[in-house]
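Here's a walk through a structure, from one chain's overall build to a sheet shared between chains. Have a look at it first.

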Amino acid sequence: MHIKIIGGRVYDPAQGLAGAQRDLFIKGDRIVSSLKKTDRVIEAAGRVVVPGGIDLRGQVATYGLNFLHLWNGFPSLQELGRLYAAAGYTHVHEPFLTMYTAGYVHRQLAAIPLVDTSASLVLNLRDIDNQLKSLDQMEEVGQTVKSLQEKTRALDLRLLEPFVRYRQAFYSHRTLDPVKTLETLTGLALECDLRFTLEASPQVLELPFPEPRAFHLAALGRAVTDARLLELALARLEAGVTGDLGFEPPAAAAAMAGKPVKVDLGGYYPLDLNPGAREALPALRLALSYQGPNLAFSLGGPVRNPLEEFPPYFAWLWDRKARPKTAKGQLPPRKFSLAAWVWATRTLPARILGLADRGHLKNGARADVAIFDLAPDTPSKNWVKGLRRCHTLLKAGEVVIENYHLVQPETPKATYYRRTGAGEGPLLAEICQYRSLRPENLWVPDELGGAWVGLD
Amino acid sequence: MQETVQVEQQSIICTGCGCLCDDLDVTLVQGQLQEVANVCLWGLSRFFPTKRLHPQKERHRLLEPLWRQNGRLQKVPYALALEQAAAILGQARRPLIYGLTNTGSWAQEAALQLARKLKARLEPADLAFKAPYYHSLRKHGLYWAPLEVIRDEADTVLFWGANPLHSCPRHLVRYSVFARGRFTERGVEERRVAAVDLYQTEMAKFCHLLVQIEPGQELELLKGVGAHLSGSSGAQPAVKGAKKLAKLLSEAEFGVIFFGRGATYNQGFAVLDALGGLAARLGEKKPCALFPLAGDFNSQGLYHLLLNALGVPEAPDFGHEGGVLTSAVPVDFGEFDAILVLGADLFWFLPADQALALQKRQVPVVSMSPFANRTTGCSQVVLPTALAGLEAAEVAYRMDGLPLVLKKLLPTALPADRDILLDLIQAI
């Protein structure tokens, strides 16, 4: 299919385009510089044309998340896919996949229609605590981590707890403090070409980051609880660490208010799936204080409805009047431009996930394009109205949403993972010996997910 | 002379129960199953046609479709049996699809599709066991851990109304009691195990505490445990064992309460409510999980599907004009005029008066099963199926909700559950 999108105002920070009127040409699933023939023309005059959205931290398939249905706290996966597409998103990244929940997460991700998916492997450092104590075994640890990443079909690596701590006093001699852990991880990252996402917390912000480019700080909003921590977060971002905001999602359904919903993934602390309403202002304060390129948009908890939950935070970013009255006088006066919004929701998330052909509209990029009904001279207070739902969504050159209606519900989707090519060493065998499943059944087979796309 | 071809297949998954043990090593000779290693007697009956826990007693394998004519089941071609089944279900005013806890997830998804098409009620075979559990979670919240974590961390294990030696025999060895986890390296020596039951079961041989109660004393015992946890002596006369049980649970660093069907036989909703409350209370200080000990191999998969697709882990009824209604109360068979049974032996569990009532009303039953059982004996149409995980590939969820792929090991001419259900959807 040869498609021409004409007359739109293109926002593509990767090319320095901030509302320039440009035509886009699509051949097959790619953006090209021109077309000799055109099968279809999409009129975008008076509209905003941006790359398809990428949710860097879309907690949608975490093990145990479907229990939230018990309190009407979660939409069906079918519905979730449609909601993401309607909001102009083409990729969702699940943050919490572990070695033994990988099959579960991938089966859930595969059931989400329309949008592509991927997941982060959460490393349990207790699996490699002895090896982390010395720098001599970094290569073996690196190979093992890469092997785990490929076998669980994860796109990147994440740490919920950048330390080693045991609930059992008997094992206290094996603990590793966060400073030492981060130092070792830095060595590991440099030696084995790895990058780690750390779940942000006040404690994490206090740590020294010897090599900022080796780390991403996830859900920063919950960590910047005071002015000093805000300064620390800004310093980390300035130094080159990337981060995502982690706006706290609105309070969950009333039926689950106050109910503990925790899932133990084998870490020191369980994962809290119902953290309750938390302060969202710290994330906003951080977003408005930082003016560099290293901060992406995200929510800090389970994503229940991107159509409802994202727009209020978008409005806060660019419309001072939309911001909470309680924050009056406490926030920097900065307003996000549309280009900055595109950067935070598309361009930077794609770069962080290593999706080289997404998040921008350069020639050769995959044709994931969202068109929003927003005239160029619309005042920012009305942006959210136009950006809440996308008018037209193309995914890999195929029109999925047209005139706000889903026209291609069966559009192909894929799950992306990193093909590391790492072999199996003795350390991996040692890790596997503690598992209740044999390795052949522990690793994710084709049937539990897909369609699979391995990235090198 | 023909050469003997012997093939070893390792790490095969057993569909004997919800444990889905994945360490079975299988030997095939000339394409036929010769030997299965690491299997329990319960699982053995899935691999060889023998009765559960009685490997010497043969079980009749169904190999051809049957249709009841003139009161007798007679062999018929698959197409004719399918046509008859489709006619029975398609013409029914109130059809019921029953069972599904012993079928793979792909078949369960197809059954849900069929239920929508027929405007039928879909009844999980163990609804009376699971519904009170989910009801309790709604009220008290949840602390959930996969068996992997329980095996590594749980130092206090309570079995309530459950005898895993009979419902899921290797559970004790692989996950809960004798298993050597990362932080429970000495197995049972590092755990304290208790059981609450009406009888002195085999569990008494290794449990540190077995509280034997009379029927109807469950709530009193739970009340007594709660009182002791609060520091008071509880109501008098107290159920014997309440104080010791409270002490054992209060000292847990990581506790888990496995409950079995016995917890739901008498006042199931009230007992699970109290157990959920106890787990939540203990969980305020230290991790404490409440965990259903599902015997059927894919019970968890069915409730997972219902949660994912409908948002409610109950029996959906598509036969109402206002939309889907769901029910936590087991079905009243008197409402229905045709029943499709698969992945369960309905007539084995059905009280005699209800079975008689169905037969008296001449409610036609269509059954899908790999083996002959009481239900197939009472059916109008019987569709034999391939065994999931042996003759047909499938997906099943372990009792902690982790999905596993079941491989096809043996060739068969019999269709898989899912294929028959999709054929029925086409034919109706």
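What follows starts with chain A as a whole and ends at its contact with chain B.

This is a predicted model, so to speak of a local feature takes pLDDT of at least 70, side-chain atom pairs count only at pLDDT 80 or more, and totals for chains, interfaces and linings use all residues. Residues are numbered from 1 along each chain as its sequence is written, while chains are lettered from A and ligands numbered from 1 in the order in which they are written.

Chain A has 13 helices and 21 strands (DSSP runs numbered from the N terminus: H or I of at least four residues for helices, E of at least two for strands). Its radius of gyration, 22 Å, agrees with the value near 23 Å for a compact globule of 456 residues (taken over C-alpha atoms; the rule is 2.2 Å times the number of residues to the power 0.38).

On to the contact between the chains: 36 residues of chain A and 39 residues of chain B take part (contact puts C-beta atoms, placed from the backbone, within 7 Å). On the chain A side, helix H2 (102-110), E13 and helix H13 (439-442) each give at least two residues.

E13 also belongs to an open, mixed sheet of three strands, ordered E14(A)-E13(A)-E10(B) (pairing takes at least two DSSP bridges). E13 (residues 261-263) runs antiparallel to E14(A) over two bridges, with A:Val263 partnering A:Leu271. Towards E10(B), E13(A) pairs in the parallel sense over three bridges, and A:Lys262 sits opposite B:Tyr143.

Definitions and conventions: Contact = placed C-beta atoms within 7 Å.
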